[in-house]
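Let's take a friendly walk through a protein model together. Have the sequence and the 3D view ready, and pause whenever you want to find a residue for yourself.

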Amino acid sequence: MTRSGIVGWTLAAPALVVIAVFFALPVVIGLALSLTDFDLYALADLSTLRFVGLDNYLRLLQTPLFWQALGNTLYFVAVGVPLSIALSLGAALLLNAGVARWQAFFRTALFAPVVTTVVAVAVIWRYLLHTRYGLINQTLAAVGIDPIDWLGDPHWSMPAIIVFATWKNFGYNMVILLAALQAVPRELYESARVDGAGTLRQFTDVTFPMLTPTLVMVAIMTVAGYFQLFAEPYVMTQGGPLRSTVSVLYFMYEEGFRWWNLGFASAVAFVLFLVIFAVSAGLWRFDRDPEGR
Amino acid sequence: MRLRELGSGSRRDVLRGLAAGAALVALGGCGRRDDRDGVLNFWAMGREAEVVAELLPAFRARHPDIEVHVQQLPWTAAHEKLLTAYAGGSLPDLCQLGNTWLPELTALDALEPLDERVDASAIARDDYYAGILDTNVMPTTGGSRLFGLPWYVDTRVLFYRSDLVRAAGHPTPPQSWPEWLAAMRAVRQRSPQTYGVLLPLNEPDPLFALALQQGALLRDDDTRGAFAQPAFRRALGFYAGIFAEGLAPTMTNAQIANVWDEFGRGLFAYYVSGPWNIGEFRRRLPRERQGDWATAPLPGPDGPGVSTAGGSSLVIFRSSRKKAAAWRLIEFLSEPATMQRFHALTGNLPPRRTAWRSPELADDAPSQAFAAQLERVRAAPKLPEWERIFQEMQRAAERVVQRVQSIDAATTELDAWVDALLEKRRWLRARTLAAAAPR
């Protein structure tokens, strides 16, 4: 090995060790765990641990609650991600256009939900969503809409969670998109205007193409994050009513830490990883050939 | 027990959860230091944890050398926290435990047997309601042992609108299933707006109580389901029949916004529920309705029936280094006088007959139905998987009530599910038998 090679590895070693111990090792152990029936009995006495091969995975695919959880999660991702990104983009455009005079204030205010704790704001949202006394239902009542049992009705529980999660998260993407917007060269807009492009044309032909790499990155991060829905249903609904807010991760948590079937729960984690991996890989394709569409 | 807490989930629960969560984090960091200081760590849940603080000054006066630190866990997270604490070796010295969780922690060998300590103390075992005490007795390789002392009890009885039932021609509470059915039919016939009974479809307890009256739910040493056997099918048949006849609305708790309002309005005449509703009915029913409700023990197939044996116990963890001090606290909390004070503060019913002699309980008509019922309660099957089976049982019942499945199909499917779940138990049993067999 060359001298510079040795220096390079030496400098990188601390980071590599950290990655190996705190990332690679747990993943390998998790994978090994998913091939065993580690449960309460194994926790008490390790000699009862059995190697079960792919049984956990096969059993998982036959568990109706898993498919329901996957369906709930896809619902959350399919509605929540576009809604969240649209809101972020809208807010970023408004801030960038300088329509609002108090730009710095609004930027901070809209970002504030991101830095709050889910558990704390969930308490506030439970007030807002309260069937009888909640501000949301009172506002609806003012326009003549009957009260909705947001967290008690299986049809409305997921929409309520989506609204809450979107509100909580859109500020993060907004800041990233705002930075990307500010990086678009002014000259492009100038020449577009000279060519006679209106506001809409400027957006579709200048802003949007320039934003595409950032949007894809934001989309991938948001999809990966939203697939891991957990804290919101855990705090607001405990998976109910009628299991309508059980997400894949919540399902995994229940299997792993409520019933202590850690082997089975690890299998859930790997299946979720594969799903997120597949969806993210699909999204990358948009970035690779932006002209392809 | 936990269902009640989940059902009444309110913002206070969330706040309590927050407080407990934050405190737990703090506790994790200083567990060892507490040991050196000689502080007794006591984990309690929900409202009980708040109230126990008010009982402690009397304990401190008697044992000034023992400092007790009460940690509040929210019911919704307590189970996970206990298992995680076990895995992480950070269990407290003693704990309040829902008695259906004892099998699990015994399977983990986390609990300290209390037989010797009880025998050496002034606590008389036969002062406890037998069915409740039995939930704390677990089989071990060295015979059955007592792993907890009941702290308060929970069972299911009938709450009913005495005025409606009387007007329908049934002035005395029903003793048997046929009598109960007749009363419900009469109520329904008299007024089409009134159902006979409310059995929320997401609550397993009423069906479970009926099933306990009929016989065993598991077989082969608790390693296989017995739900397709005649005993459970009779219970499910009776339960589903009530819905099929239109005597009960097919509703879950989520669809009934406020049980007390609907009870006061007369949507249903009977309601199967637990001790906490005595207080709730007094608080929430309008004053003019207060004379119109009563409680009665559960009717059985052909005479007074058994009901569920729920509640919380006090346990000491094997890992504790202050077992003697922990036992002092359990002794104190188990004294009839302390139990009476506890009842006055929470409405929780005491598990000792002596404690029931206080005028607040002895002269209280709604509580007396519970006293009668407590003489006839039966423990749930004692295996760690029971809680899951219990929930799955209700889902099967819900499918029958909604006419998605026949009783045959639902119980066969339930047995298959239970058998798959208990596969490890069968394997463990075979292993133990093989090890014990002479060569």
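**A walk through two chains**

We begin at a single residue: B:T295 has a relative accessibility of 11%, and because buried means under 20%, this threonine counts as buried. Keep in mind as you look around that this is a predicted model.

Where in the chain does B:T295 sit? The residue belongs to strand 12 of chain B, which covers residues 293-296. Now turn to what surrounds it. Leaving out neighbours within four places in sequence, B:T295 is in contact with B:V157, B:L158, B:F159 and B:Y160, and also with B:A365, B:P366 and B:A369. One of these partners deserves a second look: a polar atom of the B:T295 side chain lies 2.8 Å from the backbone oxygen of B:P366.

Let's step back and take in chain B as a whole. This chain has 20 helices and 17 strands. Its radius of gyration is 22 Å, close to the 22 Å that the globule rule gives for 439 residues, so chain B is as compact as a globular protein of that length. Along its principal axes, the C-alpha trace of chain B spans about 70 × 65 × 40 Å.

How much of chain B is buried? Of its 439 residues, 58% count as buried. You can also ask how far apart in sequence the touching residues are. Among the contacts in chain B with a separation of 6 or more, 77% are between residues 24 or more positions apart. As for the surface, chain B exposes about 17,700 Å², and carbon and sulfur atoms supply 51% of that area. Chain B also carries 53 positive and 51 negative charges, and the mean positions of the two groups are 1 Å apart.

Next, visit the loop between helix 15 (336-346) and helix 16 (359-362) of chain B, where you will find B:R352. Is this arginine buried or exposed? With a relative accessibility of 7%, B:R352 counts as buried. Setting aside residues up to four places away in sequence, B:R352 touches B:I123, B:A124, B:D127 and B:Y128, together with B:S334, B:E335, B:P336 and B:M339.

B:R357 also lies in the loop between helix 15 and helix 16. Here the relative accessible area is 65%, and because exposed means over 50%, B:R357 counts as exposed. To get a feeling for distance, look from B:R357 to B:G241: the two are 116 residues apart along the chain, and their C-alpha atoms are separated by 40 Å.

Another loop of chain B runs between strand 8 (195-198) and helix 10 (205-212), and B:P200 lies in it. This proline has a relative accessibility of 2% and counts as buried. Which residues does B:P200 contact, apart from neighbours within four places in sequence? They are B:Y239, B:M251, B:T252, B:N253, B:Y271 and B:Q394. You can try another distance here: B:P200 and B:G274 are 74 residues apart in sequence, and 14 Å apart in space from C-alpha to C-alpha.

Now find the loop between strand 9 (218-219) and strand 10 (224-225), which holds B:D220. The phi angle of B:D220 is near 50°, a positive value in a residue other than glycine. B:D222 lies in the loop between strand 9 and strand 10 too, and B:D222 has a positive phi of about 55° although it is not a glycine. How accessible are these residues? B:D220, at 36% relative accessibility, counts as partly exposed, and B:D222, at 23%, counts as partly exposed as well.

Our last stop is chain A. This chain has 13 helices and 0 strands, so if you follow its elements from the N terminus on, you meet α after α. The C-alpha atoms of chain A fill a box of roughly 75 × 75 × 35 Å, taken along the principal axes.

What share of chain A is buried? Of its 293 residues, 42% count as buried. Among the contacts in chain A between residues at least 6 apart in sequence, 66% join residues at least 24 apart. Chain A exposes about 15,900 Å², and carbon and sulfur atoms supply 71% of this area. Finally, chain A has 16 positive and 17 negative charges, with mean positions 6 Å apart.

Methods
Residues numbered from 1 in each chain as written. Chains lettered and ligands numbered in written order. Predicted model: local features only at pLDDT ≥ 70, side-chain atom pairs only at ≥ 80, totals over all residues. Heavy atoms only, no water. Helix = DSSP H or I, 4+ residues; strand = E, 2+ residues; numbered from the N terminus. Rg over C-alpha atoms; globule rule 2.2 N^0.38 Å. Buried < 20%, exposed > 50% of the residue type's maximum accessible area, 1.4 Å probe, protein only. Contact = heavy atoms within 4.5 Å. Areas by Shrake-Rupley, 256 points an atom, 1.4 Å probe, with all protein chains shown as cover. Lys, Arg positive; Asp, Glu negative; His and termini not counted. Charge placed at Lys NZ, Arg CZ, Asp CG, Glu CD. Polar contact = N/O pair within 3.5 Å; in protein donor to acceptor, adjacent residues only side chain to side chain.
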